[in-house]
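Dear colleague,

Please find the structure below, followed by some notes on its core and its aromatic rings.

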Amino acid sequence: MKRPWMSAGRGVGAVVLTLALSACAGSPALYQQAYSVVPVAAYATPTSRPETQVLPVLQVAEVEAPAWLDSSHYLYRLNYRDPEALRYYGDARWAATPAQMLRAAAVTSLEQSGDWQAVLTRGEAQKRFRLELRLQNFVLNFSGPDSGQAELAYTATLVDTQSFSVVAQREFLQRVPLRQIGPQGGAAAMAEATAASMAQLRSWAAAAARRSLARAG
């Protein structure tokens with residue numbers, strides 16, 4: 001079995017999008033496989049809901065992230081050897097920064113929920129609520145040479161744009177064990193963690209918005 005720091009196979013499971021990075025064309029000696037945790041939109045259809053239950057327009061703001069997550073490096077930690085050191089795969093990377101992927105996954109999930117009149121990523125249109133996400137962790141943690149887990153952690157804040165007040169705030173944490181060691185297995189686990197977290201996020205956001213609207217009127 002391959003160790004975390006060794007190269008992994010090039011294939012991916014159905015839950016993970018695999019993209020070839022054109023940006024790597026300038027460095028032919030180093031080919032990096034790109035992985036994404038954003039679900040394939042074609043695999044899901046929006047949920048239809050009665051018109052009376054549809055919530056106002058929601059804007060999803062750009063996700064904030066610490067500086068150490070502000071790149072497409074595919075990060076991992078060897079907690080059993082040196083838990084403070086961050087490492088990254090040389091032959092694999094994320095298809096975008098973790099913050100960009102988290103935002104894209106959130107928008108896709110919220111759109112497909114059918115809870116909102118519209119889900120925006122820009123502020124041109126009139127919106128009632130804004131969802132702000134602050135990413136805290138997006139890394140593989142290895143507890144041993146052949147075991148580990150993907151960890152996704154972030155804080156979500158729902159803001160009423162009319163009153164400029166915080167409607168609700170919650171911390172989300174999702175951990176999924178690795179079924180396969182290496183970038184491919186890590187990406188599959190991170191995609192699973194993201195999907196589970198997005199299901200929780202969209203239910204929480206819709207419930208919080210409904211409570212806020214009920215209090216307002």
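In what follows, buried means under 20% relative accessible area, exposed over 50% and partly exposed in between, with a 1.4 Å probe and protein chains only. This is a predicted model, in which local features need pLDDT of at least 70 and side-chain atom pairs count only at pLDDT 80 or more, while totals for chains, interfaces and linings use all residues. Residues are numbered from 1 along each chain as its sequence is written, and side-chain values use heavy atoms, with hydrogens and water left out.

The largest nonpolar core (buried Ala, Val, Leu, Ile, Met, Phe, Trp, Tyr and Cys residues joined through side-chain atoms within 4.5 Å) has 55 residues, and Y154 and L201 have the most contacts inside it. Its largest share, twelve residues, is given by helix 2 (helices are DSSP runs of H or I with at least four residues, strands runs of E with at least two, numbered from the N terminus).

There are nine aromatic pairs, that is, rings of Phe, Tyr and Trp (its six-membered ring) with centres within 6.5 Å, called stacked if the planes are under 30 degrees apart, edge-to-face if over 60 and tilted otherwise. One of them, Y74 with W94, is stacked, at 4.2 Å centre to centre and 15° between the planes; since Y74 lies in strand 4 and W94 in strand 5, the pair ties together parts that are 20 residues apart in sequence. Y74 is buried at 0% relative accessible area, and W94 is buried at 1%. W116 and F129 pair edge-to-face, at 6.2 Å and 70°, with W116 buried at 7% and F129 at 0%.

Best regards
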